[in-house]
Amino acid sequence: MNRIAEISVSLPFTSGASVTFDDKIEVSLDCHVCRRYHRTVIFSKGESKGKCLPKKHPFPGRITAKEVSQDKRLTTVKYRLFFDYEPFTVEKSPETLKTSGKLTWARVSYMITCPACGEFTEGSTQNNLVRPLNYYCDCGQLLYSEVKEMPVLSWIDKDASPMEFPETSSCEKKRTLSCDRPQNNDPNTTLEFIRMLTVLILFGILLLICTQIPILLVAKTNPLIGLLAAVAAIPLWLSIVRPMPGLLQGIICVAGVFAILIVNIICLVKVVSWLIS
Ligand SMILES: [Zn+2]
Ligand SMILES: [Zn+2]
């Protein structure tokens, strides 16, 4: 009997993170080849057979589609799995006597690039995890949070009982869409880039204000007023450009403080020379 299952994962990856889902998935199945319940079987996209663990014997099944989509902050991957299922029973087994052919567990792996430090992190999600969970990069950047159980396992073949797996597949309805759609084509990536560019420009304007106004006041009015403005510029800068989140903002924050400190020194020298004269 042929069955088609869908394994789907939706996660809110942090803004700016780039994610690549693995072509390999691991699922738990009743294997009629070695006649064992709940075997972990590995399927890799492009390969004609799966691998049943721990003996690694071939399992009749393959990944027929992998689809990645983006909806606002949520990245979703759906794998369609086609496999052969034959009912069998194992005598004297302490477990259920009849096999169901349904997936009981799955693990989906991915590679994520940290938006703060640019480092790659390998990760995975599976059904039997204690949630909620937060995943961080080694640099401290939050990569994503998991609240609901993942992956969602469902049938999309007509033989399956709707009582067993009530979820319907959106992947099936979107048959005409090409799978493995690259994430970079998503308009959200462009929007994110524009947002980042705007923030960088605003930070640049703020730094110009914080450094140029004190110097202007020293030249045009009393040097003491210029010095006071330069001192006030430090808390103003720190209250808007906080050193978090991310490495880039941290560098911009520290660089800005240095620039304002230099202006403070210039103003102080002007005040001292004004007082002496
Ligand atoms: Zn097996
Ligand atoms: Zn990082």
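Student: How many helices and strands does the secondary structure of the chain come to?
Tutor: This is a predicted model. The secondary structure of its chain comes to four helices and 12 strands.

Student: What share of the chain's residues count as buried?
Tutor: A residue is buried if 20 or more other C-beta atoms lie within 10 Å of its own. The chain has 277 residues, and the share of them that counts as buried is 27%.

Student: In what order do the four strands of the open sheet stand?
Tutor: The sheet is open and its pairing is antiparallel. From one strand to the next, the twist averages 20°. The order of the strands is β6-β7-β1-β12.

Student: Which strands stand at the edges, and why is one side of each left without a neighbour in the sheet?
Tutor: An edge strand here has a single partner strand, so one of its sides has no neighbour in the sheet. The two strands in that position are β6 (61-71) and β12 (152-155).

Student: Over how many bridges do β1 and β7 pair?
Tutor: Strand β1 covers residues 2-11 and strand β7 residues 74-84. One of the bridges has Arg3 with Phe83 of β7 as its partner. The two strands pair in the antiparallel sense, and the number of bridges is 10.

Student: Which residue in β12 does Ser8 stand opposite?
Tutor: Strands β1 and β12 run antiparallel and are joined by four bridges. In β12, the residue opposite Ser8 is Val152.

Student: How many of the 10 residues of β1 are buried?
Tutor: Strand β1 pairs with β7 over 10 bridges, and four bridges join β1 to β12. Strand β1 is largely enclosed by the rest of the structure, because the number of its 10 residues that are buried is seven.

Key: Residues numbered from 1 in each chain as written. Chains lettered and ligands numbered in written order. Predicted model: local features only at pLDDT ≥ 70, side-chain atom pairs only at ≥ 80, totals over all residues. Buried ≥ 20, exposed ≤ 12 C-beta atoms within 10 Å, placed from the backbone. Pairing = 2+ DSSP bridges. Axes fitted to C-alpha atoms, helices over the stretch in contact; angles between N-to-C directions.
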